[in-house]
Amino acid sequence: MSNDSHPVKIKTENLDFYYGQARALKNVTIGCFEKKVTAIIGPSGCGKSTFIRTINRMNDVIPGTRVGGRILIDGQDIHAPDVDVVELRRRVGMVFQKPNPFPKSIYDNIAYGLRINGLKDKRAIEATVEKSLRGAALWDEVKDRLNDNAFALSGGQQQRLCIARALAVEPEVILFDEPCSAIDPIATAKIEDLIERLKTDYTVVIVTHNMQQAARVSDYTAFMMLGELVEFDRTGKIFTAPAHKLTEDYITGRFG
Amino acid sequence: MKTSTRKGIVQAIGFFALRAAMGLVLAVLLLFLYDIGKKGGGAISWEFLSQAPRRGMTEGGIFPAIVGTFLVTLITAVLAVPLGMSAAIYLHEYARQSRLTRLIRLSIRNLSGVPSIVYGLFGVILFVNVMRFGTSILSAGLTLGLMTLPWTITASEEALKTIPNSYREGAMALGATKWQTIRTNVLPYAVPGMLTGTVLGLARAAGETAPIMFTGAAFYLPFLPRSLGDQFMALPYHLYIMATQHHAIQQVRPLAYGTALVLIVLVLGMNMTAVVLRYRLRRKQR
């Protein structure tokens with residue numbers, strides 16, 4: 001594994017995950033560096049979405065699932081009994097595969113996370129809404145219609161709204177679960193630019209089935225197959241000189 | 001060309017059959033409403049609506065029955081609405097989906113099919129005798145409430161099912177607790193549907209006779225109930241008496257039709273309220 005001056009933000013150790021009897025993750029050990037973009041690639045069903053959803057414990061809500069091994073964020077085991085899962089999810093934001101704005105106004109979508117976290121000061125909320133929308137490169141497009149319903153936005157705008165919503169609660173990590181699979185290429189390009197910029201402040205993990213996207217946006221890439229981590233390295237290395245035959249076959253399009 | 005013509009004919013026949021079925025249902029309903037409207041319309045007057053029955057119920061109005069039905073439905077709502085909605089929230093949002101919850105759900109579905117007379121007799125035993133509420137508006141309201149509960153729970157759960165999971169996941173991913181998620185990002189969108197089902201269930205309860213006839217409805221009372229322990233007159237029971245039990249059935253027939261008309265208007269009115277309510281709440285969210 002290549003070294004880097006950045007510390008490891010998220011570390012998984014021998015991570016296993018089970019849906020009932022089915023083992024979806026096998027012994028995954030990986031370290032995501034702080035303020036870097038880590039891409040997870042692999043064929044459908046390889047466990048990459050399952051993997052990313054274990055990091056903010058979103059899988060907890062699925063009945064009949066079980067986690068083995070450890071996940072450390074800043075060295076702290078996120079399954080430790082004293083860890084508040086609600087606080088964990090505030091620190092580790094998530095952007096989903098399909099844009100999922102709430103059926104509220106644009107403004108209220110962004111303010112939602114602030115309000116549930118107890119913020120009442122109107123001016124503070126207003127300031128954060130603007131800051132978050134700017135952060136998600138959406139402000140200029142929506143500043144005159146903050147009270148419109150979020151469903152009135154285009155798919156790409158909705159996804160950037162969801163990113164802004166995640167930014168508003170000031171997370172440290174942002175997880176992207178195939179964020180561009182439901183939107184068009186131009187909107188995709190905008191989101192890729194955005195991810196590029198987000199890494200100055202946030203640690204980013206992105207699951208994608210699009211290898212070009214992984215090559216474009218990420219600093220590190222993990223290749224997974226059948227629930228196992230096959231290879232993890234600098235993105236440049238993975239795409240030019242992969243160590244494993246499987247990785248090479250996958251990125252050259254021999255299967256997938 | 002030939003097959004497409006045949007397909008066209010088959011389709012035309014199919015559409016015709018569907019339209020005819022709908023037309024038939026509608027025609028029966030309209031005929032029914034027309035008949036009751038024609039025979040009962042003459043009895044409707046301000047006196048009929050605002051006064052108690054007189055002279056052995058051969059004259060006067062049905063005011064105590066209107067008030068009684070209103071009050072007993074109110075008690076029904078107080079029991080069935082909060083309890084039904086809470087049960088639905090628990091079942092759909094909190095309970096682990098196991099064999100037990102499936103069994104509970106199945107039981108609730110079956111309870112909604114239990115004949116109302118059975119609820120009536122159950123109410124006599126539980127509320128009138130065991131809990132010693134006597135034959136009273138309280139016993140009758142609670143009996144109707146029990147009968148309505150399965151409807152409220154099922155309707156509320158169906159409404160919760162229509163809320164996409166992405167609302168829940170989205171809220172939780174921002175650090176909302178489970179209850180915050182439900183309260184702020186599920187219920188506001190589910191409540192219109194929950195209310196619609198609930199009001200429909202209440203409208204059905206308002207028109208029931210069997211559950212109240214042993215638990216609190218009175219044959220004849222010249223006064224209104226003054227406490228939860230009093231008996232009361234109710235429209236459906238009054239109608240039953242006027243139509244089948246009265247000593248001068250022929251003479252009071254117009255009054256019976258008038259009572260039927262008032263009851264139908266009341267129930268249809270509640271159903272319309274449900275529709276309007278849902279429409280209003282839905283539009284407010286857009």
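These are my notebook entries on a predicted model with chains A and B.

**Entry 1: confidence**

Before turning to the geometry I looked up the scores, and for the model as a whole I noted an ipTM of 0.88 and a pTM of 0.83. For chain B, I wrote down an average pLDDT of 88, with 98% of the residues scoring at least 70. I then asked where in chain B confidence is lowest and where it is highest. The lowest mean, 75, belongs to strand β2 of chain B (residues 59-60), and the highest, 94, belongs to α8(B).

**Entry 2: chain B in outline**

I went through the secondary structure of chain B and found twelve helices and two strands. Reading from the N terminus, I recorded the order of elements as α-α-β-β-α-α-α-α-α-α-α-α-α-α. For the extent of chain B, I noted that its C-alpha trace spans about 70 × 65 × 35 Å along the principal axes.

**Entry 3: where chain B touches chain A**

I next looked up the contacts between the chains, in which 18 residues of chain B meet 22 residues of chain A. On the side of chain B that touches chain A, I found that α7 (165-173) and α8 (178-185) of chain B each supply at least two residues. Which element of chain B gives the most to that side? It is α7(B), with six residues. Sorting the side of chain B that touches chain A by class, I recorded six nonpolar, nine polar and three charged residues.

**Entry 4: the four-stranded sheet of chain A**

In chain A, I traced an open sheet of four strands in the order β2-β1-β4-β5, with antiparallel pairing. Its edge strands are β2 (22-33) and β5 (76-77) of chain A, each of which pairs on one side only. Between strand β1 (residues 8-19) and strand β4 (residues 65-73) of chain A, I noted eight bridges, the two strands running antiparallel. To fix the register of β1(A) against β4(A), I wrote down that A:Thr12 stands opposite A:Ile71, and that A:Lys11 stands opposite A:Leu72.

I then followed β4(A) to β5(A), where the antiparallel pairing extends over two bridges. A:Leu72 appears again here, standing opposite A:Asp77 in β5(A). In the hairpin of β4(A) and β5(A), which has two residues between the strands, I noted that A:Asp74 takes a positive phi near 50 degrees.

**Entry 5: the six-stranded sheet of chain A**

I also traced an open sheet of six strands in chain A, with the order β6-β7-β8-β3-β9-β10 and mixed pairing. The strands at its edges are β6 (92-95) and β10 (228-234) of chain A, each pairing on one side only. Ignoring direction, I recorded that neighbouring strands of this sheet are turned by 15 degrees against each other on average. Towards one edge, strand β9 (residues 220-225) of chain A pairs with β10(A) in the antiparallel sense over six bridges, and I noted A:Arg234 in β10(A) as the bridge partner of A:Tyr220.

**Entry 6: two helix crossings on α6(A)**

For the helices of chain A, I started with α3 (residues 106-116) and α6 (residues 155-168), whose axes come within 7 Å and cross at roughly 30 degrees. That angle makes α3(A) roughly parallel to α6(A), since angles under 35 degrees are counted this way. The crossing of α3(A) and α6(A) is right-handed. In this contact α3(A) contributes A:Ile106, A:Asn109, A:Ile110, A:Tyr112, A:Gly113 and A:Leu114, while α6(A) contributes A:Leu161, A:Ala164, A:Arg165 and A:Ala168. By class, I counted seven nonpolar, two polar and one charged residue in the contact of α3(A) with α6(A).

I then asked how α4 (residues 122-135) of chain A lies against α6(A), and found that their axes come within 8 Å and cross at roughly 130 degrees. That makes α4(A) oblique to α6(A), and the crossing of α4(A) and α6(A) is right-handed. From α4(A), the residues A:Thr128, A:Val129, A:Ser132, A:Leu133 and A:Gly135 meet A:Ala164, A:Leu167 and A:Ala168 in α6(A). The contact of α4(A) with α6(A) divides into five nonpolar, three polar and no charged residues. Comparing the two lists, I noted that A:Ala164 and A:Ala168 of α6(A) take part in the contact with α3(A) and in the contact with α4(A).

Note on methods: Residues numbered from 1 in each chain as written. Chains lettered and ligands numbered in written order. Predicted model: local features only at pLDDT ≥ 70, side-chain atom pairs only at ≥ 80, totals over all residues. Contact = placed C-beta atoms within 7 Å. Nonpolar A, V, L, I, M, F, W, Y, C, P; charged D, E, K, R; others polar. Axes fitted to C-alpha atoms, helices over the stretch in contact; angles between N-to-C directions. Parallel < 35°, antiparallel > 145°, perpendicular 65-115°, else oblique. Left-handed = near helix turned anticlockwise from the far one by under 90°. pLDDT = per-residue confidence, 0-100. Pairing = 2+ DSSP bridges.
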